[in-house]
Structure formats: C-alpha cells, structure tokens
There are 4 protein chains.
Amino acid sequence: MQKVRMGMMGGGPDAFIGAVHRMAANLDGKIELVCGAFSSRPDASQQMAQQLGLNRSYDSYQQMLEQEASLPADQRMEFVSIVTPNYLHFEMSKAALEAGFHVLCDKPATLTLDEASQLAAIQKRSGRLYALTHTYTGYPMVVAARELVARGELGRIRKVVVEYHQGWLADSGAESGKQAAWRLDPARAGISCCMADIGVHAANLAEFICNDAIDQLSADLSASHGRLLDDDGVVMLRFASGARGMLSASQIAVGEENNLRIRVYGEKASLDWSQEEPNSLKLMHADKPFEVLRSATPAAAELGGITRTPPGHPEGYLEAFANLYRQFAEQVDRQRQQQTTDSNPLPGIDAAVRGMAFIETVVAASASTQKWHKVPAQPVKES
Amino acid sequence: MQKVRMGMMGGGPDAFIGAVHRMAANLDGKIELVCGAFSSRPDASQQMAQQLGLNRSYDSYQQMLEQEASLPADQRMEFVSIVTPNYLHFEMSKAALEAGFHVLCDKPATLTLDEASQLAAIQKRSGRLYALTHTYTGYPMVVAARELVARGELGRIRKVVVEYHQGWLADSGAESGKQAAWRLDPARAGISCCMADIGVHAANLAEFICNDAIDQLSADLSASHGRLLDDDGVVMLRFASGARGMLSASQIAVGEENNLRIRVYGEKASLDWSQEEPNSLKLMHADKPFEVLRSATPAAAELGGITRTPPGHPEGYLEAFANLYRQFAEQVDRQRQQQTTDSNPLPGIDAAVRGMAFIETVVAASASTQKWHKVPAQPVKES
Amino acid sequence: MQKVRMGMMGGGPDAFIGAVHRMAANLDGKIELVCGAFSSRPDASQQMAQQLGLNRSYDSYQQMLEQEASLPADQRMEFVSIVTPNYLHFEMSKAALEAGFHVLCDKPATLTLDEASQLAAIQKRSGRLYALTHTYTGYPMVVAARELVARGELGRIRKVVVEYHQGWLADSGAESGKQAAWRLDPARAGISCCMADIGVHAANLAEFICNDAIDQLSADLSASHGRLLDDDGVVMLRFASGARGMLSASQIAVGEENNLRIRVYGEKASLDWSQEEPNSLKLMHADKPFEVLRSATPAAAELGGITRTPPGHPEGYLEAFANLYRQFAEQVDRQRQQQTTDSNPLPGIDAAVRGMAFIETVVAASASTQKWHKVPAQPVKES
Amino acid sequence: MQKVRMGMMGGGPDAFIGAVHRMAANLDGKIELVCGAFSSRPDASQQMAQQLGLNRSYDSYQQMLEQEASLPADQRMEFVSIVTPNYLHFEMSKAALEAGFHVLCDKPATLTLDEASQLAAIQKRSGRLYALTHTYTGYPMVVAARELVARGELGRIRKVVVEYHQGWLADSGAESGKQAAWRLDPARAGISCCMADIGVHAANLAEFICNDAIDQLSADLSASHGRLLDDDGVVMLRFASGARGMLSASQIAVGEENNLRIRVYGEKASLDWSQEEPNSLKLMHADKPFEVLRSATPAAAELGGITRTPPGHPEGYLEAFANLYRQFAEQVDRQRQQQTTDSNPLPGIDAAVRGMAFIETVVAASASTQKWHKVPAQPVKES
C-alpha cells in the first residue's frame, strides 16, 4: 500500500500530544507526514517543520487547507490530524471536512454537544472520513475484551465498573503548567476539565467494550482549589441494556499516574483490564480458575487484537495509538480504491457525538438535585 | 492474664461463621469456650458441644443466660459470642446485656436502625461491653492505614473509593444453599442482602480508616433473578469532612471471591489496600516512588498493627478475626480489674448504630428519585 | 475426636518459633498443650507454664519424659513438640521416642546425617510416630501442586527453579539478635546456617511437590562478615527422574522477607507458587491462557488442599503450620484406635534423613573443585 | 538533526526481527531506511523493498556495499542494520566496516569468540561505529538500575539472580517453524541455541546493570528431543567484583513468554526488574518499605531513562529497541560533525566479544567435570 499523506494542525514545540501522534503515525511506516500548521505562531510552526525535515509549513490551518487543496492529487495531504487544545477542534474539523480532507481528531470532538451534532451532519454531507483518537480502544486486549462480550462469552452484562484516576492536578500549583492551564480554562476546554479530558475516555471504553450505551446517569463532580472546572467526579450509570455501573474519574488522586481500569461483570464470566498493564486481560469464571489472556498469544490473536511483537514482548500506549492510525490509514486507502470502507472498530463521528452528550449530561447531573438524567441519544442536527 | 470464658449463641453444625469465630477465639490461647446454645434444635446444640469437648450445652439461649448467671462468678461465662442469622442478633444481644454478660456480636447488629438505637441505650444502661465483629478492621494494615490518616500523613482526605465484590450469589441456584437462603429472605435478613451483608463492611472500613462519617449518599441497588433483596449496588458518598467517595458492593460479580478494597486519596498522599492480599499497604506520593508497607515489619509495627509472625510469613482472615477477639478479651480483662476500658479501636455500639443507619439510608435512597439522602447521625434512643 | 495431649520442649519466653507452634496447635481445637520443659532455666520454664495457664512445668526435658511416663495413660502427654535450637533436636527426639512418646520436631531433624540415620533406626524400632515441621508443605496450594504433578497434569518434569531469599542477616550487626546468634554458631547450628535453616526447606519443597529426589548437585555457598557458616548459596540440581534444577537461598538478600518460591516446568504445563502470596497457584499452559488456582475454591479443594475459610478469605503461615499439627493429631488419633496410620503427606523420618543428606552434600560440594556430588539416598543405619 | 540513512541486511518477508528493527528505527523519525539486501533471494529482496516504498533494493549484501559506496556522500546509506540469522553476522559486519559503513548488528555478534576478536580488531582499524542490539539495555528502568548501582545506592553488590525463561521450543514440533529451525541448527546458529539466543542477553543484562564482569562460571545445559544444541541451562556465576550469582535460561519452560528478570542484591539495598512489566523497578531496603520506581516519573528521569510518554502511559519492547536506534543515530550524527562520540551506554564491540566469551565458556563448562571455568577477558586479536 502506498503511504497515506498526513497534515497536522497543532503539535508545535512543547506540545506533548502532538509528538505522540507523530510517533504513532510513524510506527508502521504506512503514513507520511507531509505538512503542518503546527502553531498559531508562524515562526513556531516553521521551526517545528524544520525540526521534522518538512518543507511545507503553514502559518495557519486555513492557509494549509487552501494551499494543500491546490496541489496535485498525488502530492497533497489526504487527511489532517488535529492535536490542538479542545476549543479549536470543531472549527478545524469543520473546515477540513468542507475542504475535502479526511479528519483524525484528538478528543473531545468539540466543546459542546450542539457543535458535535453539527459536525456529524457536516461529516455525513462531506463523504469524508472522520475518526476520534479514543486511544485506549486501540489496545489489543481492549479489542479482545469487546470481542469476548460480542461472542457472548460473558453472558448478559450486569455491572460495569470503570475508573480513570490521575494525580497530576492534585497540587494547587498545577495550573502553571502548560498542559493544565488550558484544560482548567473554560474558554479553551469547555464546560468540564476532568470529565472532558479523561472521564469521557472511561465512558467510551465502557460503551466500546460492551457495545452498549449509557442511557441514564447520576453524577457528583467536584473542584479543588477554587477551580472553575471539575477535577474529580463519580457517576452512577444505567446502560440501555439494563446493565448498571459506576464511573470514577480524578485528576487529583495523588500518586496515580494514568490508571484507567475497567471491570465488566456478566452472568457467565467477568473481565478486568488495566491500562497500566495493558498486555493482560483477566477473565473470571463462576466455576473454574480465572485465566489471564496475554496479548500476542494465539488466544488473543484469535480475538482480533493487533500486535507487532511476539508474546512477552510488551507493547504500550504508543502501539495502541499507532493501531488507530493504522486503521485510519487503511480506511483512507480503501476509499482511495473506491471500496466501501467497512466498519473497523475505530471510533468515529457517533462516538464523537456520544462523548459530548456524556460530558454535558454529567455536568448537568452534578448540578441537579434530581437523581437520574437521560443521556440524549445521537441528536444529529440535520441543519 | 487468666483466660476469658466465652459462651456461644449459634454456630451449630454446618454454620460457617461459628467455626470461624471459634478458631479466632482459640488462636491466642486467651479465651476459653465454656458453653453454648449452638442451635435452636437441642440435639444439634448438644452434638456440637460434644464435638467441641464441652459439657455445658444449652437448649436455648434463654436457658444459657439463666443457668450461667446462677454459676459461681469464677466459672460462669463472661461474654457471649452471637453468630446466628441476623434476625436473632437484637433479641440475643439485649437479653445477654440485661442478664449481665458482655456481648460480641456478628454484624449487622440488628435488623433495623430503631432496634440498634434501642440496643445502644440498653448497652449504656447495662455497663457491659459490646463489640461488633467488623472483621476487616482487625487487619494490621487497616489499623496502620487508620493511623497514617490520623497522623496527617495523607493530608486532608479528598476522595474514598471502596468496593466489596463477591460472586457467590451470581447464579439463580445460589438460593438453595444454606448461607444464601437466609440472607435473601427478608424475614431473617432484614431489608437488604448485599448492603447488609457486605456493603456495610465497606462503609465501616471507610469510616474506620478515615475516622470520618458518611453524611449523605445516593444509591442504586439492584436484584437479580426476581430476588426480594438487593444483591448488588453502587453508592455515591459525601463525608462529614467534605471528602467525596463511592462505594460498590456486589454478590453477583462472577469470579470475584471476597474482593474488599479501599483507596483513600488525600492532599499529600494516598493509600490502597485489598483484603485478598492483606499484608501489603500501598502508599502513593505526589513526588516520589510509591511505597509498599508490609505487615510485621518495623515500619508497620510502629503504626500499631498487631501481628504474630515475622515479615513475609503471611497472616490472613483468621488472624484479623482473632485480633478482634484478643482486643475484646483484653477489654473484658481490664473491666475485671476495674480499670477503665480505654478505647482500643474495636468497633462498638456506635459502629453498630451507624451500620444500621447506613443500610436503611442506602435502601431508602435507592428507591427515591431524590439525589441526596442524609445518613442520620447516632440517633440513640434513650427510651 | 478426643483432644490429643501435647508436651513442649523449648519455646520459652522470647522464643519465636515456640509461640508459632502453640498457635498452630491451638487453631483447630484438636490438641491440648498439657505440659512443657520450656527452657533450660527452670524458672523461665515455670514462668512460661504460668503464662500459658499450665500446671505441669518441668525443669528439664529428661524430667518431663520421666514424670509424664509415670502418669495415667489418659492424662499423660501423647506427643512432644520439639522447638529448641538445632543442636538439641537429636537427643530430645531420641529420648522421647525411646520413652514411648510420639515426636513432632522442628527442622532440621539433627545436626548431622549420621545422627539422622541413627534416629531413623530408633524411630522404626520404637513404633512411635515422628514428623518434621516442613511448614511450607502444609500450604493448601502446595498440596494442590503436588497433586497436579502426581496426576500427570504437567507431564514429565523438566526443570525446577526454587529459591528462598531472606534479608534479615544482611547486616553485620545481625549476630547480636537471639535468633541469629545460635544459627551462626557451629556448635549450636551444625555445619550450615543458610542451607540448614532455609535451603533445606527449598529442597524439601521441590522434592515434595515433584515426588522426586535430588540425586546430584553442585554448590557455591558464601559467608559475609567473616561468618563461620554460610549465609547465602546457589545450587545446581539434578533429580533422580532426570529433571534439572536450580536452588538459591539467601539470608543476606536485603529487603527480602521470606520469599520462598518454586516453579516447576513440565512437558505439558508448568506451575509457579510463592509463599508470600500463598493462596494462588499459577498454572501455565503451552497453548492457552494461564490459570490461577485459588485456595478454598472447589477447583483447589478437589486437589486436596485443606482450608478453613471460604474463597477470598486469605489463610497464611499459621494455618499452614496448623495443617501439619492437625495431620499429626489425626495420625496420633488413628494409632490410638489401632488403625494403620495411612500416609498423609506429612514429612516424616525419611524427609528428616533426606534433609540432612542435602545439607551435608551441599556443604561438601561447595568446598570441592569437582562439579557434581551425589546426595546419598536414605542411608538409614540399622545399628 | 538531519535524518540518518540506514541500509538493511536481512529482514525479508516473514522475518520477525527485521520488522521489529524497522519499527524501532521509524519511531522517533530520526532515521530513514534508504535501501536493503533483504533476502538471499533477489526477488524476495525486491518484493520487500517495494512493500516498504524503497527504490534501492539489492540482490546481495556485497552488491549493496559496493553500489552504496559509489553514491554521493549525502545520498548513500550511513550505516547498515544486520538482522540475518547468526551465521552471517560476522562476514556482513566485517565487510560493512571495511567498506566504510557503521554497523548495528543483532546479537550474537558472531558464531565464535575467535571471530568476535577478529571483528573487534577490524572495527578498531576501521574507525567506524559498531553497536550490538542488546535490546533489554534500552529499557528506561534498566538504565535507571545501572545508574542506581553506579551511584552506590545498593552498596557493594553481593548477589545477582538473572533468569530468562521462554517456552516456545518446548514442543518437539517447534523445529518446523522458521524461527526455530535455524536456531537449532549448528551450521547457522553456532555452538548453542538457548545460551546464544537468550542466555547471552541475561548475562549482558547482569554485567550492564552492575558494570561488572562474569569472571568464572559453572554450567549445566540440556537439550530436549535429541536436539543438537541446548534449549535450557543453569549457570552459577562469580563476578570480578566478588559478587556471586546464578543464571537460568530456558526455551522449554512451558507457558513462559519472554520472562527476563533480574534481581541485584547489594549491601544496602536491592533491586528487581522484569522485562514483561518493564515500567516498574522495585527497590528494596533493609529498614524501610520497598519502593517502586516507575518509568517516566521525575524520579526515573533523574536516573537517565529515556521515555516518550508521561507517567502511566506504558512503553514496551519497541520503545526499548528504538532507544538503541536513537542512541546509535546520535552517535552517527556526532561523528558526522567530527565530534568525539562520547560513551552512551549502547553495547558495542566489547559487549560483542564478552557475549561470545560467555557463550563459549558456558558450553565448555557444561561439558566438563571441573567445577569452575574462567571467562576469558577481552581477548581481542590484533591480527
């Protein structure tokens, strides 16, 4: 397959997630970064391009879209990777889709559910591909977990416990860091910090593995140090299928690094997966010893998890991220060849909308004295 | 110290928890079982006594109280251990205290909060000792955790996540077992199964370690297989101190054995303890590697945890249980010597009342459309 | 069953292992401690007896054997538990057996292989029971491991890796402690410290689980701080069956507590067990996910492991120890009833002899320039 | 920095390790693969080049060296990556160095110690860079471990226990696989399978972390299924510093994946690291709780481990491999700029020679009845 050409919006010097996206795109040698509008400051963008050995650096994303569109079809970028702070996601995604480019966007997709609904309509009209980097769905054992549920190995799901605990915002001084500053600023991050940054990953992971939808929830969010946005919260969940659940997210859990963990309890069996030890999936049974499925083994491969190394050679976060990039590149390649893009499990516009619906409902629920709040289902605006 | 003489109510043949209480009482050689009303069936009681090499077997607890009271002071039992199904706890505790005996009772203390309040008043009038076997507070690393919080090592507590997951009631056939039958029967178990049996342990553990009180809660309980009582539930917690939290309890979590785990997140440090690996306590810091305190080490001993073996020789559930018996025996011995019984951390009548308050509030909250419900504080009835 | 009456030799104030033996004997309520010669100092022995509520305290073990033998059969002790430093094991065991008492002895059985051989002959003549407290064979999952091997679940065994690492003698100041002082003194401990104290447990565990015998070995022992006896060593093993293996033991492994671990690799499956997390047994397969057998589950019970608690209620070292006491009490009871004492897996005189053969061979091998040294098989002296 | 241009020898279709090398080279975007002689079959080589989007494919490595040397300096490859079966490593490395190219070679460096010595002389004469992909030294926590030892945090090292257990050759049918076939064939693999393939990694890891040299050893290797080369072995170690140790390696340990683990016990502290959970490093102390250093945390960064992600976002085998490629690219870049290449910890020609010395000594020792065998130190042939 011919390499897929990528442009990048954001990801300038010091941007953590931009570098991660680039490594993920590099890993399999199927994607070539050809250009970027890496920063709102033209000199910073140029500096980044130079550092990366690129000769197409742009001063703004608008300029990038315009000039790339004017290049010959076999030279211009095919998709954009959007890795800016949240508040730019919507306008950039919109502009890129309307200019005819595919979009791979960091989450959350937009600042509001209304924007997400608009974006869904735009994307459908555009015929272009859209994907959201819910990284954790790229882990092989998450894919295996989803497949186990889909095959009925767990029976009907009764309870889901998902948590995502970090500690990096515990201290009142955290705000002075670049990563924290925009996440705690309503103008740039939207209505939520913790739930929009990581709670939504946890919710997505639960829905992804169970192929189910959070239907109602009740929430209690909190903010330390007089912050304007939440940095911690707990949520009670009721799924469309009837399953119950619980979600806890925190950015002030001192000593936690990136502790995303999910347990799914079914009528026949249960599973347990932790992002910090991602190559193992614990499978618990009613009447026999628990098993641990390990990535890259035949048992795991049979469940569909992609790996690049043999058993016992651990993969991690970058490989999970690279799996999303690989799946997206394959989607792009299929479209090039005018094949129907079949549904690989990459989170798309529906996950984008659902994510925003989750965030808005959680924030509203937390402020309410009413117990249960319905998560609106797929309210795509056909504007 | 002269051995303390114990009588037992319940704990006949086939009773799991009765045997556990006896081993716990045996372990340190400080308590002597002298008599019992082991069963409502006189022959079964006698059979048990014989099996245990006892010659004082009674046909009923009333008979035991009456006849023991008539024995010389240096022969009669000094305390009763109550290990029957829940519905008998109140009347037995009441009768024993009123007959002048100390009481060590399995939890929950009573069937209702009202009964617990009455019992508190009775106990205060009686001048007799009362303790509740919240076994998990007997673990050395739980005592160490409480001490770390008390010393301010964690700073102000922000979040508590406690869970107690079992799987033994997952199957619809579970009811046919003796242990399950009474727990799922409202007449013998009260208004709750899961929350009364294990949720209350989780709540007690959180309050014990943090020396804090659950002030408000919101709950969602469920029951499988058309059961009359809950077998699973999640609860959002707000503590009197301002800390937030969540509690999850389940008896239908397939594959889980006895997975009680608590995490306490403070402003300066956090801790993590699991009952199934009880000899380790993880202590997480903001700015240095996490540490694992191990029971029986000097660092743990300095925090007050009792152990009987050197480091690396694991202790378990029976030793934790035995710690409660030992503490109770020491309380009895101090009272014998007319010393003021100082406050060792053994859960007493206050924990009994709080436990019932928790259970009633959780059940009410689950049935309500209102989000928050206040847990009544110490409503002792001075009847 | 009527309680079995026990006398104790050693186990005075401050003796760690004596207290452990007493708790182990207490736990199940099947054994009654009736007398003791707890110390070579009569006042200390008396003090201990008082503390334990006993009225038969003796000034010497000789006195105890004589006077107990003169008591009526239904009052005198039935067996002695020997818990002194190593150098007294032989003479006490010999005297007790010859006086007609059963013997339960702490390991190692004697100071030399020659003594062990003599003891074996004495025991056979005496018709009395003899057992050695290789505590670790009392763990339920060790029993289960042995059974799995016996059933052929692992196929032919190819490799055994066993290690026993402690750190308590790492510091040069360790000698000042009472426990260390005699273990490092050739007069009281014999020709080895580390191998005699813990290496022999590791060797016994390997032989017990595999039902195999170490046939040849090569060793490299070392001593820190100019000590006269080894405090660390590694050993290459060849078993009678053809399996190979490796043993490492250390008392100077800083930070290790009591880390005894064994892995057994067979042609079809492998197992992994650690004493510090004794309730789990990892079972690895060639072509499917690994499993973890947990003690007290039906799967473990079916393999013969004794437990006192339900799944997830951890047992530990004292329970393993108590299992040995229970098995010994059952052997005594069967002999009382003139039943043939069938072979429960309790290590007896053969394990005692093999242990001494291992220790002597390891010490000789370490001093030799020759690579392989044969472990003499069962050289029982029929003197 | 301008990208460094790489050519590859070996790594055709189906070659596992070639693909790993390419991903490792890709990850950081600092290296560009420009050409390859991917297979001894020209069509397979060309097919691979096409698949990788390269237009410089060669029919043989000799052709590649010749033609690349004739290209302009700013176009020709700067180094070769050698990823063939063992028997080609020596001739390819020799030819490449002599043709003026830097060499990055998969281990082992050669088939014999004699060849390794020759290669060392050739490399020194050539002035070209040489590195050996002892992948495991690329893990951040291995680098941190080495640094802790170097700083004296562990005190003098007393004991090293290193093991590398795999199970993939357990079955007699394993030989039919491509990976196994050449490793078990003396003509292509040399005098050892298990020790040359993985034992040497374990030995290198021990020497790397301790900055010490294995001075003497005693070994017991074995082969299953009538194989001509070892598939399992144990080794007793004595280091130049006086430390003792043991090494166990196996390819027939059923159920093991890639279980490389090392423990280093010092006078003051000890450490424990496992390749399958590579982001944690356990640090054990005599008198305080053990700590776990986690990669990507400030504490780990301060010890020199390179990471690409924030704490809790796991890295794995490919990232460790990429660290070696990055270090090599940096060495190449410094040489370009005529700077002295300072010693980053990348294993070079000395590690190559020592590795071969280890393999030859282990094989000789296993066949000997003499206990100890000296590992020859750096016998570089100045031919």
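**Reading burial, salt bridges and interfaces**

Modeller: Let's start with one side chain: B:K94 is partly exposed, with a relative accessible area of 28%. Keep in mind that this is a predicted model.

Biologist: Why does 28% count as partly exposed?

Modeller: Buried means under 20% and exposed means over 50%, so the 28% of B:K94 falls in between. For an exposed case, go to C:Q51, which has 52% relative accessibility. C:Q51 belongs to helix 2 of chain C, residues 42-51. Its C-alpha atom is 9.4 Å from that of C:P13, although the two residues are 38 apart along the chain.

Biologist: Back to B:K94. Which residue forms a salt bridge with it?

Modeller: The partner is B:E98, with 3.7 Å between the closest N and O atoms. The rule asks for a nitrogen within 4 Å of a carboxyl oxygen, so this pair qualifies. Both residues sit in helix 4 of chain B (residues 89-98), 4 residues apart, or about one turn of the helix.

Biologist: Why does that spacing matter in a helix?

Modeller: An α-helix has 3.6 residues a turn, so residues three or four places apart point the same way.

Biologist: Then where are the buried residues in helix 2 of chain D?

Modeller: In that helix (residues 42-51), D:A44, D:S45, D:M48 and D:A49 are buried. Looking down the helix axis, these buried residues fall within an arc of 140 degrees, so they line one face of helix 2 of chain D. On the other side, D:D43, D:Q50 and D:Q51 are exposed. The cover over the buried residues includes helix 1 (16-26) and strand 2 (31-37) of chain D. After helix 2 of chain D comes D:G53, with a positive phi near 70 degrees.

Biologist: How do I read a salt bridge whose partners are not in one helix?

Modeller: Ask which elements hold the two partners. Take C:R336 and C:E78, whose side chains meet in a salt bridge at 2.8 Å, N to O. C:R336 is in helix 11 of chain C (317-336), while C:E78 is in the loop between helix 3 (61-69) and strand 3 (79-82), so the pair ties together parts that are 258 residues apart in sequence. C:R336 is partly exposed at 29% relative accessibility, whereas C:E78, at 14%, is buried. In chain A, salt bridges with shared partners join A:R5, A:E78, A:D333 and A:R336 into one network.

Biologist: How many salt bridges are there over all chains?

Modeller: The count comes to 116 by this rule. One of them pairs A:R244 with B:D220 at 2.8 Å, N to O. That pair crosses between chains, from strand 9 of chain A (residues 244-250) to strand 7 of chain B (residues 214-222). Both A:R244 and B:D220 are buried.

Biologist: So what should I look at in the interface between chains A and B?

Modeller: Look at contacts, buried area and charged pairs in turn. Chain A contributes 49 residues to the contact and chain B also 49. The buried area is about 3400 Å², with carbon and sulfur atoms giving 51%. On the chain A side, A:R158, A:V254 and A:K371 supply 21% of the buried area, more than any other three residues. There are 8 salt bridges between these chains, and B:R238 with A:D220 is another cross-chain pair, at 2.5 Å, N to O.

Biologist: What is the buried area between chain D and chain A?

Modeller: About 2500 Å², 57% of it on carbon and sulfur atoms. The residues of chain D that lose the most area to chain A are D:L27, D:E257 and D:P314, together 23% of what that side buries. The rule finds 4 salt bridges across this interface. D:E257 also pairs with A:R294 in a salt bridge at 2.9 Å.

Biologist: Can I read domains within one chain in that way?

Modeller: Yes, try chain A, which is divided into domain 1 (4-136 + 324-347) and domain 2 (141-309). The contact takes 18 residues from domain 1 and 22 from domain 2. About 1700 Å² is buried between them, 58% of it from carbon and sulfur atoms. In domain 1, A:K107, A:H134 and A:Y136 lose the most area to domain 2, together 38% of what that side buries. Two salt bridges cross this interface. A:K107 also meets A:D197 in a salt bridge at 3.7 Å, N to O.

Conventions. Residues numbered from 1 in each chain as written. Chains lettered and ligands numbered in written order. Predicted model: local features only at pLDDT ≥ 70, side-chain atom pairs only at ≥ 80, totals over all residues. Heavy atoms only, no water. Buried < 20%, exposed > 50% of the residue type's maximum accessible area, 1.4 Å probe, protein only. Helix = DSSP H or I, 4+ residues; strand = E, 2+ residues; numbered from the N terminus. Arc of directions from axis to C-beta. Contact = heavy atoms within 4.5 Å. Domains from an automatic or database assignment. Buried area = accessible area lost by both parts, 1.4 Å probe.
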